[in-house]
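Here are a few exercises to work through with the model open beside you. Try each task before you read its solution.

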Amino acid sequence: MIARARAMGRMTESLPVALAAVLVPGLALAVLVAARAAGRPGAEEALHGAAGVLVTAGSWLGTLMLAALFGVGFSAYRRRPVRQAVGVLWDVGTFWPRVAHPLAPPSYAERAVPQLVARVAATAEAGRGVVLSGHSQGSVLAAATVWQLPPHVRPSVALVTHGSPLHRLYTRYFPAYFGPAALADAAGRVARWRNLWRVTDAIGGPVHTAPEGARTLEDAEPIPDPRRYDIPAGEALYPEILGHSFYVLDPAYADAVREAAALLLPGTVGPAAAAAPDAADGGAHVEDEDERGDQG
């Protein structure tokens, strides 16, 4: 089961190959059109034959896509990991301004980021340190907030991200805005940035601040998932593999927040309270409620 969970965690790396496979028929058609335009012998017959094949395949694929869409909707209703994946795709699409995709719903980032900037700045200016914590798409909002903070409040702000798609999705598909140099710039604008991730997480991962992983944020090593392999006392099942969920219940998260607070306000934060023995194995929490939405 653990091996399968880790394989699912590497699923994001397979997306470029899948996209390339989808584009291959279009590329073949473009080659035939170019050959016909150049007057190559037999190109017109080949083009007509290829067009017939593509039309037939397109009809079947359209039907299959409708069936797949229905299947994904039904699976998302019943299974949490599918809901997470669908929610992440929706979040990525609606993060960008509407000018980038005019038929999409309004961008939530156009309201959320300015509001976060104003709240963080007001708190820091009042003499309090701010630990900005972002899970999943929330880490993207947190990074966008850091870029817009006034210079005089930045030393009072620390960032903790967990299950972050900043590198695995945003650096890969939007390098002009979320490339390694941009993430390095964000890291330099806060007092500290700590990132938590798991190998079993198909969405979150390490955050690289230089090309090819030459530099990575602190905590480049993944946190264990599950934390223990034995059946907990009083339980009948083995610990659940958490993947993209419940980072805030992990002891590493409590340590990250405590260390960030101690850095911002020295002498005001004591040792971390001992976590409940089964805290990282599940239980009701705000992230569980978040999963009914988008886990942002």
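**Exercise 1.** Is D185 buried, partly exposed or exposed?

*Solution.* Keep in mind that this is a predicted model. Start with the relative accessible area of D185, which is 34%. Buried means under 20% and exposed means over 50%. D185 is therefore partly exposed, at 34%. Now look at its partner: the side chain of D185 meets that of R189 in a salt bridge, with 2.7 Å from N to O.

**Exercise 2.** Find the residue that forms a salt bridge with R192, and work out where the two partners sit.

*Solution.* Step one: the partner is E259, and the closest N and O atoms of the pair are 3.1 Å apart. Step two: R192 belongs to strand β3 (residues 192-196), while E259 belongs to helix α10 (residues 251-264). Step three: the two are 67 residues apart, so the pair links distant parts of the chain. Step four, the surroundings: R192 has a relative accessible area of 17%, which means that this residue is buried. E259, by contrast, is partly exposed at 26%. Step five: R194 joins the picture too, since R192, R194 and E259 are linked in a network of salt bridges.

**Exercise 3.** Stay in helix α10 and describe the pair D255 and R258.

*Solution.* First, count along the helix: D255 and R258 are 3 residues apart, about one turn. Next, check the distance: their closest N and O atoms are 3.8 Å apart. The cut-off for a salt bridge is 4 Å, so a pair at that distance can count. D255 and R258 do form a salt bridge. Last, accessibility: D255 is partly exposed at 28%, and R258 is partly exposed at 26%.

**Exercise 4.** Zoom out and place these pairs in the whole chain.

*Solution.* Begin with the elements: the chain has 11 helices and 3 strands. In sequence order they run α-α-α-α-α-β-α-β-α-α-α-β-α-α. Then turn to burial: 37% of the 296 residues count as buried. The exposed area of the chain is about 16,700 Å², with 65% of it from carbon and sulfur atoms. For contacts with a separation of 6 or more, 72% come from residues 24 or more positions apart. Finally, how many salt bridges does a search of the whole structure find? The search gives 5, among them the bridge between D255 and R258.

Key. Residues are numbered from 1 along each chain as its sequence is written. This is a predicted model: local features need pLDDT of at least 70, side-chain atom pairs count only at pLDDT 80 or more; totals for chains, interfaces and linings use all residues. Side-chain values use heavy atoms; hydrogens and water are left out. Helices (H or I, at least four residues) and strands (E, at least two) are DSSP runs, numbered from the N terminus. Buried means under 20% relative accessible area, exposed over 50%, partly exposed in between (1.4 Å probe, protein chains only). Contact means heavy atoms within 4.5 Å. Accessible areas come from the Shrake-Rupley method with a 1.4 Å probe; for residues, only the protein chains shown count as cover.
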